[in-house]
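Q: I would like a close look at a single part of this model, the meeting place of its domains, together with the elements that lead to it. Please give the cut-offs as you go.

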Amino acid sequence: MGVVVHEARKIYHTWGRFVRALDGLNLDAETGQVTLIVGTNGSGKSTLLRAISGSLRLDSGDVLIDGSYRPSIGRKEVGMLQQVPVANLCPSFTIEEMIRLYLDGHSVDSWKGARTAFQDHGMAVNSRIREMSGGQQQLIALELVLARLPSILLLDEPTASLDPGHSERILARVAKAASEGVTVLLVSHNLEHGLSICDKVVLMHEGRVVNSWAGSIARSLTARDLKQCLVECAASSLEG
Ligand SMILES: Nc1ncnc2c1ncn2[C@@H]1O[C@H](COP(=O)(O)OP(=O)(O)O)[C@@H](O)[C@H]1O
Ligand SMILES: [Mg+2]
């Protein structure tokens, strides 16, 4: 169960150029675990998350979510958070208005749960999104995505432009969601933070998974080890 990606291929055609974004990629992420995905720029990480979310169609290969094939767009069991919080939010809305938008058709309990989560973060639900800091906005976006009770959470560099305090709050919330059974795929260049909450590490390069570490080996990895792997990947591209 969790997420299985089998032989995923995606080629983009732009301006007469072909870019092989995913090149026969295989990956599996276990239920209730955090899988940290690291890779050089352009290695296909965002393309992979979009394929899992169903917002991008693969040229070939399969995505299985909790044992069933290929999600359709907007499947509610898959929640995705973008790097820029406003990609998930309407800046002119209040938190309460965002809750109504996100949880339209959901139970009264889930509305209550969302309001309580914001209170726990010390945020008033009548606060307007555009008046909040980038870190607060990302926390709001994360709580809204989680309020829909996804079984899969996809995070594309969620702490990239945040201060350390907000990054830690975001990652603590992600770790809590995983401990409650959510399968998390976390793309991050913030290696120290990513390693502190992950159960598995996957290294991507040129559209493929080129290395992965799980269990005690993943837990013993350091940011320095991973940086070295990334440097070696970048160097191999230059040689090629
Ligand atoms: N919509 C697109 N059209 C054309 N090329 C794209 C598009 N999206 C991504 N690419 C290219 O595909 C490759 C993988 O991109 P991406 O998945 O964004 O990598 P990453 O997130 O690891 O930086 C890159 O070479 C990128 O330039
Ligand atoms: Mg990306």
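How many residues of domain 1 are in contact with how many residues of domain 2?

A: This is a predicted model, in which local features need pLDDT of at least 70 and side-chain atom pairs count only at pLDDT 80 or more, while totals for chains, interfaces and linings use all residues. Residues are numbered from 1 along each chain as its sequence is written, and chains are lettered from A and ligands numbered from 1 in the order in which they are written.

The domain assignment divides the protein chain into domain 1, made of 3–77 + 151–239, and domain 2, made of 89–149; such bounds come from an automatic or database domain assignment. The centres of the two domains, taken over C-alpha atoms, are 26 Å apart. Eleven residues of domain 1 are in contact with eight residues of domain 2, contact meaning that the C-beta atoms, placed from the backbone, lie within 7 Å. On the side of domain 1 that touches domain 2, helix H5 (residues 164–179) gives the most, with five residues; helices (H or I, at least four residues) and strands (E, at least two) are DSSP runs, numbered from the N terminus. That side of domain 1 comprises five nonpolar, two polar and four charged residues, where Ala, Val, Leu, Ile, Met, Phe, Trp, Tyr, Cys and Pro count as nonpolar, Asp, Glu, Lys and Arg as charged, and the others, Gly among them, as polar.

H5 can be followed further, to a sheet. This open sheet has six strands in the order S6-S7-S8-S3-S9-S10, with mixed pairing, two strands being paired if DSSP finds at least two bridges between them. Strand S6 (78–81) and strand S10 (208–214) are the edge strands, each pairing on one side only, and neighbouring strands of the sheet are turned by 20° against each other on average, direction ignored. Strand S3 (residues 34–39) and strand S9 (residues 200–205) run parallel and are joined by five bridges, with Ile37 standing opposite Val202 in S9. Helix H1 packs on the sheet, where it touches S3, S6, strand S7 (152–156), strand S8 (183–187) and S9, and its direction makes about 155° with that of S7. H5 also packs on this sheet, touching S3, S7 and S8, and its direction makes about 150° with that of S8; for these angles, which run from 0 to 180 degrees between N-to-C directions, axes are lines fitted to C-alpha atoms, for helices over the stretch in contact.

H1 leads on to the ligand. The shell around ligand 1 includes Gly42, Gly44, Lys45 and Thr47, a residue being near a molecule if its C-beta atom, placed from the backbone, lies within 6 Å of it. Strand S1 (3–14), strand S2 (17–29) and helix H1 (45–53) each supply at least two residues of this shell, and H1 gives the most, with three. By class, the shell around ligand 1 holds three nonpolar, eight polar and one charged residue.

S1 and S2 belong to an open sheet of four strands, in the order S2-S1-S4-S5 with antiparallel pairing. S2 and strand S5 (68–69) stand at its edges with a single partner strand each, so one side of each has no neighbour in the sheet. Five bridges join S1 to strand S4 (residues 60–65), and these two run antiparallel.

Conventions. Two residues are in contact if their C-beta atoms, placed from the backbone, lie within 7 Å.
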